[in-house]
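The report below describes a single protein chain for a reader at the bench. It begins with individual residues and then widens to the whole chain.

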Amino acid sequence: MIRRPRGTNDRLSEDHVAWQHVIDTFTHECELRGFKPISTPTLEHTDLFSRTTGEQTDIVRKEMYSFEDRGGDSLTLRPEGTAPVVRAYLQNSMHNLLQPVKVAYVASVFRYDRPQAGRYREHHQIGAEALGDANPAVDAEIINLLWSTYQALGISDLQLHINSLGDPDTRPKYREALIEYFTPLKPHLDPDSLRQLETNPLRLLDSKNPAVIALCDDAPRSVDFVNSEAREHFEDLKELLDALDIPFTQNNRLVRGLDYYNRTVFEFLPPDTGSQSTIGGGGRYDYLAELIDGSHVAGVGFGSGIERVLLNMERLDQKPKSTASTSVYVAPLVKGAVPTALRISNDLQRVDISTESGFGPSSPRSHLRRANALTAKIAILIGEDELQKNVVAIKPLDGSDQIAVPRDQTVHTVRNLLKPST
RNA sequence: GUGGGCGUAGCUCAAUUGGUUAGAGCGUCUGGUUGUGGCCCAGAAGGCUGGGGGUUCAAGUCCCCUCGCUCACCCCA
């Protein structure tokens, strides 16, 4: 037996109802705000991610699906959605369009990780980016888009956490302050935290170790180190979120796993702080484009895992399950009726009546059992008698009487029967 | 990469201290009705008990290895 690769999923038809609902809802919210769809390749040059995401991040160090293609290029299955969009903006000279350029996407994302609840090697994200404008109102618009999408999906109990990381000119100072604060506390740190103190002290703030969390209460806060422009940007954003009636918590411990963020970072979290809790998050990345081609393009965006969105909809019993059923089932009782059955099915389908045809001749009993299992509203039986008289037997499956009608009046009759009786 | 839990039919689960031919419900198919669905009834198909090795007169059951699933850590969506 060849099985699917670990951490990947087959999405069966019953799951597609809810899946499509999430995408449709997001698409609608995007259209309401002028975010246009964009698609980028599943594959990119490895450099795009290693350079932008950060050499020291776990994503680049151990989670990328990278391989050499037949021409010797190193390619990578995208581990996140933002860098490819920025790359597409630069490559397609989108600075010539009206700024900011607002785009949205649905994309599969790949990370080599041990799978667990809400975490897969291939997962899917809805995401949006606004490029070419540094105004805090753009941050607010991005956050509002994600917030509104969650609301529309019935996920109403999420907490929005926000923080400001400041700009690159002040980051080293903050970093040093953290090292200075935590170094005397080394005896209280676990091995993982000690390693992070060396590699990326910001991540210490994100620890789940209760002892470390306690220490973080008195740790230096990034907002105290940012420059005056970044501080004003953050204050403006909070004011705008208030104006939009979007409740938020300023979380001084919020840092993100990708290195390219500056100023605004945010995350949406469910109330019960479980393990794979972040359902969506993002932030501003005004210096990301520089890493790709040296140009300066302001940007802000988010990504949200569709699988985790669905998990939260399920938790709140908001996951749609019902699927549309076929209206009509056409049953050929004898082999000679199969062409007629297919023909009638086709006629009905052409006038937008969902119809399935039985493929092989069989007894009325098994055909009707099948029609019932499909929850069809009407069955059409065609046997020897009907062929002789050039009629079809139309049987409503609600228990009302079966009628014989001339074959050329089938569509007309079915349409009338399906009309809601008022 | 680290640690815990679990692998019996398509699904959910049984199977006495190790003891005959591994069962049930649901689902699927067929029949009960020479051309009439649901409900009911009957029957059938469907298992190398994840795989390999070991202990034993005897292993679904005990031991080891391995694979898979799952949960958590790490990290993130």
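In this predicted model, Lys238 of chain A is buried, because its relative accessible area of 13% falls under the 20% cut-off. Lys238 belongs to helix H9, which spans residues 228-243, and, when residues up to four places away in sequence are not counted, Lys238 touches Ile162, Phe248 and Gln250.

The first of those partners, Ile162, sits in strand E7, made up of residues 159-164, and is buried with a relative accessible area of 0%. Once neighbours within four places in sequence are left aside, the residues in contact with Ile162 are Phe234, Lys238, Leu241, Phe248, Thr249, Gln250, Asn251, Leu254, Val265 and Phe266. Val17, by comparison, is 145 residues away from Ile162 in sequence, and the C-alpha atoms of the two are 32 Å apart in space.

Another charged residue that is buried is Glu29, for which the relative accessibility is 9%. Glu29 is part of helix H1, residues 13-32, and touches Leu145, Ser148, Thr149 and Ala152, again not counting residues up to four places away in sequence. Asp347 has another setting: this residue of helix H12, residues 338-350, counts as partly exposed at 29% relative accessibility. The C-alpha atoms of Asp347 and Pro79 are separated by 47 Å, the two residues being 268 positions apart along the chain.

Why can helix H2, residues 46-53, be described as largely enclosed by the rest of the structure? Six of the eight residues of H2 are buried, and it is therefore largely enclosed. The buried residues are Thr46, Leu48, Phe49, Ser50, Thr52 and Thr53. The cover over these residues includes three strands, E2 (43-45), E3 (65-68) and E4 (74-77), together with three helices, H3 (58-62), H4 (82-91) and H10 (288-293). Just after H2, Gly54 takes a positive phi of about 115°.

Backbone geometry deserves attention elsewhere too. Most residues other than glycine have a negative phi, and most peptide bonds are trans. Against that background, Thr375 has a positive phi of about 50° although it is not a glycine, and Asn390, likewise not a glycine, has a positive phi of about 60°. Thr375 is found in the loop between helix H13 (364-373) and strand E14 (378-382), whereas Asn390 occupies the loop between helix H14 (384-389) and strand E15 (391-396). Thr375 is partly exposed, with a relative accessible area of 45%, and Asn390 is also partly exposed, with 42%. A cis peptide bond, with omega of about -5°, joins Gln99 and Pro100, and Pro100 is placed in the loop between H4 and strand E5 (101-110).

The accessibilities of the residues discussed individually are gathered here.

| Residue | Relative accessible area | Class |
|---|---|---|
| Ile162 | 0% | buried |
| Glu29 | 9% | buried |
| Lys238 | 13% | buried |
| Asp347 | 29% | partly exposed |
| Asn390 | 42% | partly exposed |
| Thr375 | 45% | partly exposed |

Turning to the chain as a whole, chain A contains 15 helices and 16 strands, and 48% of its 422 residues count as buried. Among the contacts in chain A with a separation of 6 or more, 70% are accounted for by residues 24 or more positions apart. The accessible surface of the chain comes to about 21400 Å², and carbon and sulfur atoms supply 49% of that surface. Chain A carries 47 positive and 58 negative charges, and the mean positions of the two sets lie 8 Å apart.

How does the radius of gyration of chain A stand beside that of a compact globule of 422 residues? Such a globule would have a radius of gyration near 22 Å, but chain A has 29 Å. The C-alpha atoms, taken along the principal axes, fill a box of roughly 95 × 50 × 45 Å. The domain assignment gives domain 1, formed by 13-170 + 226-315, and domain 2, formed by 328-418. Taken over C-alpha atoms, the centres of domain 1 and domain 2 are separated by 51 Å.

Notes:
Residues numbered from 1 in each chain as written. Chains lettered and ligands numbered in written order. Predicted model: local features only at pLDDT ≥ 70, side-chain atom pairs only at ≥ 80, totals over all residues. Heavy atoms only, no water. Helix = DSSP H or I, 4+ residues; strand = E, 2+ residues; numbered from the N terminus. Rg over C-alpha atoms; globule rule 2.2 N^0.38 Å. Buried < 20%, exposed > 50% of the residue type's maximum accessible area, 1.4 Å probe, protein only. Contact = heavy atoms within 4.5 Å. Areas by Shrake-Rupley, 256 points an atom, 1.4 Å probe, with all protein chains shown as cover. Lys, Arg positive; Asp, Glu negative; His and termini not counted. Charge placed at Lys NZ, Arg CZ, Asp CG, Glu CD. Domains from an automatic or database assignment.
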